[in-house]
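User: I am learning to read how helices pack and how pockets are lined. Could you take me through one example, step by step?

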Amino acid sequence: DENPPSESKEAMAAALALLSGGDSEGARDALEKIVSADPGNREAGCLLAGLILIDDPDRAAELVADIGPGEQGVDRADAVRTLSRLMTSDADNGGPGWATYLEGVRSLRAGDLDAALEKWIETIASGHRELDDDGPRKACIAAFNILGEDSEITRSHRRAFSSALF
């Protein structure tokens, strides 16, 4: 009685099935409908934010803006906020390490998370982890979170990331 079936729950289950099946476009469309019908659905908002991040970083950040510590989806929301900030920022003090870090940001903007991770890990490994308030490390963690632990890109960069940190 506490968890009766609902159209919203069924729609969410269908969107999750599309996402897990690799149909990002179908999942995006389904999540758009859920968020449109129920703007307070944080789970749908978080998932949609991750899917639209590259195309619309401002909207992605808006979708997760009110998700705070201790709430469901906060890790993904933080990841969206981190990457969205990078995509819309022009931070550069021209110091050592910035060129490589910003190559990663340009790759992110181009939708190439594989190349972005490579550059951010290179920045960390070269001793410039402190740039942009620990930006390269935070960017890697955010990208891993958006991609998911089962992603081939995450798996291919996880060891290098850990090695660069220590």
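User: Which residues in α2 meet which residues in α3?

Analyst: The general idea is to look for residues on each helix whose heavy atoms come within 4.5 Å of the other helix. In this predicted model, Ser24, Ala27, Arg28, Leu31, Glu32, Ile34 and Val35 in α2 meet Ala44, Gly45, Leu47, Leu48, Leu51 and Ile52 in α3. Sorted by class, this contact has nine nonpolar residues, together with two polar and two charged ones.

User: How are the axes of α2 and α3 placed, and at what angle do they cross?

Analyst: For a pair of helices, one asks how far apart the axes come and then at what angle they cross. The axes of α2, residues 24-37, and α3 come within 9 Å and cross at roughly 135 degrees. Because angles over 145 degrees count as roughly antiparallel and those from 65 to 115 as roughly perpendicular, this angle makes α2 oblique to α3. As for the hand of the crossing, α2 passes α3 in a left-handed one.

User: What lines the largest pocket, and how much space lies in it?

Analyst: With a pocket, one reads the volume, then the lining residues, then the elements that supply them. About 240 Å³ of space lies in the largest pocket. Its lining has 13 residues, and those closest to the centre are Leu19, Leu51, Arg76, Ile146 and Leu147. The elements that give two or more residues to this lining are α3 (42-52) and α8 (131-147), and α8 provides the largest share, three residues. By class, the lining has five nonpolar, five polar and three charged residues.

Notes. Residues numbered from 1 in each chain as written. Predicted model: local features only at pLDDT ≥ 70, side-chain atom pairs only at ≥ 80, totals over all residues. Heavy atoms only, no water. 1 Å grid on protein atoms, 1.4 Å probe; cavity = no way out; pocket = protein on both sides within 12 Å on 5 of 7 lines; lining within 4 Å. Points joined across faces, edges and corners; volume = space filled by probe spheres on them. Helix = DSSP H or I, 4+ residues; strand = E, 2+ residues; numbered from the N terminus. Nonpolar A, V, L, I, M, F, W, Y, C, P; charged D, E, K, R; others polar. Axes fitted to C-alpha atoms, helices over the stretch in contact; angles between N-to-C directions. Parallel < 35°, antiparallel > 145°, perpendicular 65-115°, else oblique. Left-handed = near helix turned anticlockwise from the far one by under 90°.
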